[in-house]
Amino acid sequence: MLLLMLILLVFIAVPFTAYPLLLWLRSRIAPEAILREQITPSVDLVICAHNEADAIEAKLQNALALNYPRNALTIWVASDGSTDDTVERASAYVSDRLHVLDLPRGGKAAALNHIVSLGRSEVIAFSDANSMWQDNALLALVSPLADQDVGGTAGDQRYEKASALNSGERSYWNFDRLLKSWQSRAGNVISATGAIYCVRRELFEPAPADATDDFMISTAVIAADRRLVFAQDAVAVEPAAGASGIEFQRKVRVISRGLRSVWYRRALLNPARYGMYALELLVHKLWRRLVWIPLVMLMLVALFALSGGVMSTLISLAVLSFTAIALLGLLWPPVRRFRMFSVPGFIMMVNVACAVAAYKFVTGQRMTQWNLPRDSHPAPRADAES
């Protein structure tokens with residue numbers, strides 16, 4: 001029992017301990033330099049919106065106020081079948097450099113693919129309707145494109161300061177930010193998040209409807225043998241996610257589509273072709289999303305190992321105590337104001353979502369649209385399992 005528990009603990013820990021450590025060492029021992037210059041290529045900033053009436057005006061004001069040459073930036077808004085007054089509110093800002101399309105409901109990928117085909121700029125930047133960019137974010141985002149080996153850049157998604165209810169999600173993104181920095185220094189980030197990223201137009205590939213568009217579009221850069229790097233000074237701020245049932249269902253959708261995206265990009269898992277990136281993709285996008293399997297096994301084994309030796313009993317008590325705290329943090333909202341409950345609760349929610357998403361993927365259930373209403377804590381559009 002002790003040996004089995006130790007093996008399971010290793011399987012659980014590797015993606016969150018050994019992998020980051022090896023990545024950090026790789027980024028320090030043999031970093032790959034990136035040429036950064038202040039350049040201003042022509043940019044199409046693409047924003048896809050579905051029922052974003054509450055956010056769209058602030059987003060367009062934010063985009064129009066970016067510190068970037070007016071004649072080099074064109075803003076495109078694609079309404080994906082909005083049934084509120086998103087289009088009406090966005091249309092108030094229409095000009096020679098801001099265009100609004102009222103498209104029938106077809107899913108985000110279809111809307112993005114359509115609107116990208118209308119632009120002509122050298123670079124395509126992507127954002128979400130609730131993502132507010134800092135003034136110099138676009139300048140920082142395109143800066144690494146001065147390096148001809150770089151085909152795309154991933155910006156830094158951050159959350160607004162919020163209550164301890166959201167500390168689990170924020171802790172995840174703080175960890176993800178470190179990983180992106182190390183990945184970029186080591187060669188490439190795994191993928192970008194939809195809040196803020198860009199690619200060279202010639203590297204854009206239309207995303208399938210049942211896949212995660214930001215993953216598919218950004219990894220097309222890797223598939224084309226160009227670098228996808230992290231622009232840490234390109235900052236976008238979003239509302240912190242809630243911990244409601246709606247947020248859980250959003251995570252199931254994101255992770256399910258993410259698994260299908262990796263299937264579409266399975267050629268990138270070939271280490272003979274893509275080297276270190278293939279291993280990173282395997283750990284980051286597959287291993288981490290399957291940790292729920294050894295985690296469930298560990299919980300079950302811990303129940304039977306309570307009456308074993310001293311070490312087995314201690315490990316079992318630790319595992320079962322963590323499980324109890326996580327379940328409390330997940331199921332009892334009042335305790336989420338305390339970090340010791342909110343973080344384990346978030347971990348539990350993500351792993352349950354991973355299990356449900358894996359089932360949907362294996363059984364061929366495809367998710368192409370997001371139709372659920374928002375709760376009082378707006379959920380981010382980006383892939384929380386990035």
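Buried means under 20% relative accessible area and exposed means over 50%, with partly exposed in between (1.4 Å probe, protein chains only). By that yardstick Asn-51 is partly exposed, with a relative accessible area of 29%. This is a predicted model, where local features need pLDDT of at least 70, side-chain atom pairs count only at pLDDT 80 or more, and totals for chains, interfaces and linings use all residues. Residues are numbered from 1 along each chain as its sequence is written, and side-chain values use heavy atoms, with hydrogens and water left out. Helices (H or I, at least four residues) and strands (E, at least two) are DSSP runs, numbered from the N terminus.

**Strands β1 and β2**

- Seven of the seven residues of β1 are buried, so the strand is largely enclosed by the rest of the structure.
- Both faces of β1 are covered: Val-43, Leu-45, Ile-47 and Ala-49 are buried on one side, and Asp-44, Val-46 and Cys-48 on the other.
- β1 and β2 run parallel and are joined by seven bridges; two strands pair if DSSP finds at least two bridges between them.
- Looking for a landmark in that pairing? Val-46 has Trp-76 in β2 as its bridge partner.

**Strand β8 and its neighbours**

- Strand β8 (residues 227-238) is mostly covered, with nine of its 12 residues buried.
- On the parallel side of things, eight bridges join strand β6 (residues 150-159) to β8.
- Within the β6 pairing, Asp-156 has Val-235 of β8 as its bridge partner.
- Strand β5 (residues 132-133) runs antiparallel to β8, and two bridges join them.
- Here Met-132 is matched with Val-237 of β8 as its bridge partner.

**Salt bridges**

- A salt bridge here is a side-chain nitrogen of Lys or Arg within 4 Å of a carboxyl oxygen of Asp or Glu, and the count by this rule comes to 14.
- As background, side chains of opposite charge can pair when their charged atoms come close.
- Arg-201 forms a salt bridge with Asp-44, and the closest N and O atoms are 2.6 Å apart.
- That pair links distant parts of the chain, 157 residues apart: Arg-201 sits in the loop between β7 (196-200) and α8 (213-223), and Asp-44 in strand β1 (residues 43-49).
- Arg-201 counts as partly exposed at 21% relative accessibility, while Asp-44 is buried at 3%.
- Asp-80 forms a salt bridge with Arg-105, with the closest N and O atoms 2.5 Å apart.
- Asp-80 lies in strand β2 (residues 73-80) and Arg-105 in the loop between β3 (98-103) and α5 (108-116), so this pair ties together parts that are 25 residues apart in sequence.
- Asp-80 is buried, with a relative accessible area of 2%, whereas Arg-105 is partly exposed at 27%.
- Arg-89 forms a salt bridge with Glu-57, and here the closest N and O atoms are 3.7 Å apart.
- Arg-89 belongs to helix α4 (residues 86-91) and Glu-57 to helix α3 (residues 56-64), so the pair ties together parts that are 32 residues apart in sequence.
- Arg-89 counts as partly exposed at 30% relative accessibility, and Glu-57 is partly exposed at 28%.
- Arg-26, Glu-32 and Arg-227 are linked in a network of salt bridges.

**Helices α13 and α14**

- The axes of helix α13 (residues 310-331) and helix α14 (residues 339-362) come within 7 Å and cross at roughly 90 degrees.
- That makes α13 roughly perpendicular to α14.- The contact (heavy atoms within 4.5 Å) is made on the α13 side by Phe-322, Thr-323, Ile-325, Ala-326, Leu-327, Leu-328, Gly-329 and Leu-330, and on the α14 side by Met-340, Phe-341, Pro-344, Gly-345, Ile-347, Met-348 and Met-349.
- By class, the contact of α13 with α14 has 12 nonpolar, three polar and no charged residues.
- For those classes, Ala, Val, Leu, Ile, Met, Phe, Trp, Tyr, Cys and Pro count as nonpolar, Asp, Glu, Lys and Arg as charged, and the others, Gly among them, as polar.
- On the geometry, axes are lines fitted to C-alpha atoms, for helices over the stretch in contact, and angles run from 0 to 180 degrees between N-to-C directions.
- Angles under 35 degrees count as roughly parallel, over 145 as roughly antiparallel, 65 to 115 as roughly perpendicular and the rest as oblique.

**Backbone oddities**

- Most residues other than glycine have a negative phi.
- Asn-51 has a positive phi of about 55 degrees although it is not a glycine, and Asn-51 lies in the loop between β1 and α3.
- Asp-225 also has a positive phi, near 65 degrees, and is found in the loop between α8 and β8.
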